[in-house]
Amino acid sequence: MDFQLERLLNLPNITVFTCQEQEGFIVLKLELLNEGITCPHCQSYTDHIHQTRSMLIRDLSICGQGVYLHLPRRQFYCAGCKKYPTEPLEFVEKRRNYTIRYEEYIYERVKELTVEQVSQNEQLSPHQVGSIFQRIALQKKKSWGEPEKLSLDEFSRQKGKRNFVTVVSDLSNSSLLEVIDSHKSSEIIEVLKQQPESMRANVKEVSVDMWGGFKKVIREVFPNALIVIDRFHVIKLVNSSLNQLRLKLELKGLKNRCLLLKNYVDLTPEERSDLKLLLKTSPCLSIAYELKEELRDIYESSTTVLMGMRRLKKWLNSALILFGKTAQTLKHHLPDICHYFINRTTSGVMEGLNNRIKLILCQSYGFKNFEMMREKLLACLYL
Ligand SMILES: [Zn+2]
């Protein structure tokens, strides 16, 4: 009918017969240009049409208006094998009501927006949007590759609540590999054991926090991997103890908090003199502060496991008096903490990834469907 319209539509082997508007949608009635097909069963050519049905297929919008393609679905008769093959179409898969490119489009939109937003924009139900997304996500599913360094971490699905998901990432490229709807070691093990054994055996290091459950997981799932307690979790724990001491001493205020917790090297000359005054108020606080800075120095300047271990043991002697429970915890995990000094492996590089995980979890709160949330995280954050 209209060459320009066909060019705009850019689908192979069709001509636009009519174009109408129905209930706010553009409906394009299409005709197919080929007379026959190659039989998919015996590869012989047939142009013997047995019957023709028509169907409505949703396609990409034109100028913001939804589009349906009114398409003939032709069933041929093949004299070669006496079968009745339905004509395959390049741009729509069997038994789908959407063109392939429309499903791809919906998938990409869900990566940016919530299912509800896409559903409203496209006049589809949330269920339709969700099922298109999951279908395409499944097609795109990739393997883990051969990661050598992993990180295991947990995130709460809802801020402040204790409904955790466990996240596995590849430390070499900050790529998200798996999201598990549990924080129980037995359930994490069950999911991770679905990965091929040879790949799991190849993992050399896993970076984790001090939750005991992760050690059990690593021993079971990654038998050849070294457990590395992440440096940033250690520092975080000590910082939190120092901060508690500050509060006990009633040295309130954000400024005091920043002065104590920031690295000394990052303070301005003015902040340094403020800090000096602050530390004068309590000898205990002053020693605790020195310990915090010393820990950082141990991490920065120890070059071997032995050296790191020796210095940390010495550090712990004083820390046990001031940081009590925190120091006990660190003492308990000391060997795994010191594995850091082998390759200086840390999840610190994951900060960007972790922030995006938190953002997506926050956006998709209200999602009862964990699988959908998992697919979205993997679609957005798997490299
Ligand atoms: Zn045939």
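# Exercises on a zinc site, two pockets and a cavity

Cys-39 is buried, and Cys-78 is buried as well. The model used in these exercises is predicted.

**Exercise 1. Describe the site of the zinc ion: which residues are its protein donors, and what is its geometry?**

Step 1. Find the donor atoms. The SG atoms of Cys-39, Cys-42, Cys-78 and Cys-81 lie 2.2 to 2.4 Å from the zinc ion.

Step 2. Check the angles. Four donors count as tetrahedral if all angles lie between 85 and 135 degrees. Among the four donor atoms of the zinc ion the angles are 97 to 115 degrees, so the site is tetrahedral. For comparison, the ideal angle for four tetrahedral donors is 109.5 degrees.

Step 3. Read the spacing. Along the sequence, the donor residues follow the pattern C-x2-C-x35-C-x2-C.

Step 4. Place the donors in the fold. Cys-39 sits in the loop between strand 3 (37–38) and strand 4 (45–46), and Cys-78 in the loop between strand 6 (65–76) and helix 2, so this pair ties together parts that are 39 residues apart in sequence.

**Exercise 2. Describe the largest pocket: what is its volume, and which elements give two or more residues to its lining?**

Step 1. Start with the volume, which is about 1100 Å³. The lining has 31 residues, and those closest to the pocket centre are Asp-153, His-233, Lys-236, Asn-354 and Lys-358.

Step 2. Assign the lining to elements. Strand 7 (149–156), helix 8 (231–248), helix 9 (254–261) and helix 15 (351–363) give two or more residues each. Helix 8 contributes the most, with eight residues.

Step 3. Sort the lining by class. There are 10 nonpolar, 11 polar and 10 charged residues.

Step 4. Look at the domains. Domain 3 (149–230 + 347–381) and domain 4 (231–343) each supply at least three residues to the lining of the largest pocket.

**Exercise 3. Treat the second largest pocket in the same steps: what is its volume, and which element gives the most to its lining?**

Step 1. The volume is about 390 Å³. Of its 18 lining residues, Lys-140, Lys-141, Lys-142, Leu-378 and Tyr-382 are the closest to the centre.

Step 2. Two or more residues come from each of helix 2 (100–112), helix 4 (126–140), strand 9 (175–180) and helix 16 (370–381). Helix 16 gives the most, with four residues.

Step 3. By class, the lining of the second largest pocket has eight nonpolar, three polar and seven charged residues.

Step 4. At least three lining residues come from each of domain 2 (100–141) and domain 3 (149–230 + 347–381).

**Exercise 4. Describe the largest cavity: which residues line it, and how do they divide into nonpolar, polar and charged?**

Step 1. The structure holds one cavity of 30 Å³ or more. The largest cavity has a volume of about 40 Å³.

Step 2. Its lining consists of Val-234, Leu-295, Leu-312, Trp-315, Leu-316, Leu-330, Leu-334 and Ile-337. Helix 12 (305–332) and helix 13 (334–338) give two or more residues each, and the largest share, four residues, is from helix 12.

Step 3. The lining of the largest cavity divides into eight nonpolar, no polar and no charged residues.

**Exercise 5. Is Ser-143 buried or exposed?**

Step 1. Locate Ser-143 in the loop between helix 4 and strand 7.

Step 2. Apply the cut-off. Exposed means over 50% relative accessible area. Ser-143 has 54% relative accessibility, so this residue counts as exposed.

Step 3. Add a distance. Ser-143 and Leu-177 are 34 residues apart in sequence, and their C-alpha atoms are 8.5 Å apart in space.

Methods. Residues are numbered from 1 along each chain as its sequence is written. This is a predicted model: local features need pLDDT of at least 70, side-chain atom pairs count only at pLDDT 80 or more; totals for chains, interfaces and linings use all residues. Side-chain values use heavy atoms; hydrogens and water are left out. On a 1 Å grid over the protein atoms alone, a cavity is a set of points where a 1.4 Å probe fits but cannot get out, and a pocket is an open set with protein on both sides within 12 Å along at least five of seven lines; lining residues have an atom within 4 Å of a point. Grid points are joined across faces, edges and corners, and a volume is the space filled by probe spheres set on the points. Ala, Val, Leu, Ile, Met, Phe, Trp, Tyr, Cys and Pro count as nonpolar, Asp, Glu, Lys and Arg as charged, and the others, Gly among them, as polar. Domain bounds come from an automatic or database domain assignment. Donors are N, O and S atoms within 2.8 Å of the metal (3.2 Å for Na, K and Ca); water is not among the atoms, so sites may look incomplete. Four donors count as tetrahedral if all angles lie between 85 and 135 degrees; four count as square planar and six as octahedral if opposite donors are over 155 degrees apart and all others between 65 and 115; anything else is irregular. Buried means under 20% relative accessible area, exposed over 50%, partly exposed in between (1.4 Å probe, protein chains only).
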